[in-house]
Amino acid sequence: MTRTGVALVGTGMVARAHARSLQDLADRVDVRGVYSRDPERRSAFAAEFGFPAATSLEALLADPAVEIVIVITPPNARLDIVEAAARAGKHLLLEKPLERTAGAATRIVRLCAEAGVKLGVVFQERLRPPAIALRDLVVSGELGDIVAGQCLVPWWRPQSYYDEPGRGTYARDGGGVLITQAIHSLDLLCMLMGPVAEVQAMVGTTRLHRMESEDSVTAGIRFASGALGTLWATTAAYPGAAESIGIDFERGAARLSGGALTVSRHDGSTRTVGAGDGETGGGADPMAFSHQRHRAVIADFVAAVRENRDPLIRGTDALEVQLLIEAIVASSRERRAIALAARS
């Protein structure tokens with residue numbers, strides 16, 4: 001099999017999950033270079049994983065063997081990189097979120113569409129086997145229509161996490177717990193329950209953190225289907241616990257938590273998928289999870305490029321959840337329900 005040329009841009013906290021994934025996929029990917037603006041960090045990271053260090057972003061994009069650029073920089077450093085890569089005809093896989101605002105995220109989606117390049121996003125929780133099983137259960141309709149859903153993200157981050165320059169700020173990250181942590185669970189909730197019609201929310205920062213943006217949010221959600229949902233997300237729930245999604249159907253209920261899915265039917269029968277892996281990243285160590293799901297996202301994106309199909313997780317999927325996050329924040333600020341425009 002001919003290997004697909006990949007470039008890695010960014011060497012921050014999650015970069016090692018990507019690097020280990022690329023090492024695992026060495027039979028199908030050829031890492032052509034790693035780039036970071038810090039030369040010393042770039043060289044050390046490249047040496048650690050046995051990848052070549054690129055002298056510049058321009059050099060990486062000029063390499064005709066590079067077909068895919070994986071971008072894992074902070075959100076505020078994305079737009080120029082995406083624009084240059086798309087102009088060079090490179091397909092793009094981005095860490096979440098697309099950018100800091102829904103407007104900038106929309107621009108990224110349009111840039112890639114106009115350039116005719118694929119745009120994928122690392123929402124790796126979608127590829128956990130229990131999450132796939134729950135999606136299949138929803139699609140099958142065997143428990144009837146969805147009537148309600150709940151999304152809980154009771155995570156913890158110490159103050160030292162927010163002491164890093166830029167973390168939790170609007171200028172670098174675009175916000176706090178919503179766009180940095182809860183975005184994964186919100187993406188799953190929307191994937192399972194469909195488009196959101198309306199939200200009403202309260203967003204704030206507890207006395208446990210000194211930070212510019214929010215560390216806690218509660219919201220009521222009305223989906224386009226008519227089903228109702230609730231969200232509670234925080235990074236102030238010591239010591240942190242696994243996020244969970246619960247869905248109530250006409251003929252049963254399902255709960256996804258900690259790498260396990262439990263399905264309970266009204267006839268009294270139950271089924272469990274997955275034993276629970278304990279991996280959450282919900283405590284003081286945000287990287288307390290394996291790289292296996294990152295590997296699955298990258299493997300699918302490489303296959304999508306080779307097969308000329310959409311990746312399983314598209315840029316438009318990430319845009320939908322970012323529009324929801326923006327509506328949640330606006331609802332709290334304006335103290336009213338916010339309707340989301342119907343999107344095809």
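**View 1. Helix 10 and the residue that follows.** In this predicted model, helix 10 covers residues 315–334, a run of 20 residues. From its first C-alpha to its last, helix 10 reaches 28 Å, close to the 28 Å expected at 1.5 Å a residue. Just after helix 10 comes R335, and its phi is positive, near 55°.

**View 2. An open sheet of five strands.** Here you can follow five strands in the order 2-1-3-4-5, with parallel pairing. At the edges stand strand 2 (29–35) and strand 5 (119–122); each has a single partner strand, so one side of each is left without a neighbour in the sheet. On average, neighbouring strands of this sheet are turned by 20° against each other, direction ignored.

**View 3. Strands 3 and 4 side by side.** Moving further into the sheet, we meet strand 3 (residues 66–71) and strand 4 (residues 91–95), which pair in the parallel sense over four bridges. If you would like a residue pair to look for, take I70, whose bridge partner in strand 4 is L93.

**View 4. Helices packed on the sheet.** Helix 1 (residues 15–24) packs on the sheet and touches strand 1 (4–9), strand 2, strand 3, strand 4 and strand 5. The direction of helix 1 makes about 165° with that of strand 1. Helix 4 (residues 78–87) lies across strand 1, strand 3 and strand 4, and helix 4 runs at about 160° to strand 4.

**View 5. Helix 6 meets helix 8.** The axes of helix 6 (residues 129–140) and helix 8 (residues 177–193) come within 9 Å and cross at roughly 25°. Angles under 35 degrees count as roughly parallel, and helix 6 and helix 8 are therefore roughly parallel to each other. On the helix 6 side, the contact involves A131, L134, R135 and V138; on the helix 8 side, L188, M191 and L192. Sorted by type, the residues of this contact are six nonpolar, no polar and one charged.

**View 6. A salt bridge between R293 and E125.** Side chains of opposite charge can pair when their charged atoms come close. In this structure the count comes to 23 salt bridges, and the view picks out the one that R293 forms with E125. Their closest N and O atoms are 3.4 Å apart. R293 lies in helix 9 (residues 292–307), while E125 sits in the loop between strand 5 and helix 6, so the pair ties together parts that are 168 residues apart in sequence.

Methods: Residues are numbered from 1 along each chain as its sequence is written. This is a predicted model: local features need pLDDT of at least 70, side-chain atom pairs count only at pLDDT 80 or more; totals for chains, interfaces and linings use all residues. Side-chain values use heavy atoms; hydrogens and water are left out. Helices (H or I, at least four residues) and strands (E, at least two) are DSSP runs, numbered from the N terminus. The expected span of a helix is 1.5 Å times one less than its number of residues. Two strands pair if DSSP finds at least two bridges between them. Axes are lines fitted to C-alpha atoms, for helices over the stretch in contact, and angles run from 0 to 180 degrees between N-to-C directions. Contact means heavy atoms within 4.5 Å. Angles under 35 degrees count as roughly parallel, over 145 as roughly antiparallel, 65 to 115 as roughly perpendicular and the rest as oblique. Ala, Val, Leu, Ile, Met, Phe, Trp, Tyr, Cys and Pro count as nonpolar, Asp, Glu, Lys and Arg as charged, and the others, Gly among them, as polar. A salt bridge is a side-chain nitrogen of Lys or Arg within 4 Å of a carboxyl oxygen of Asp or Glu.
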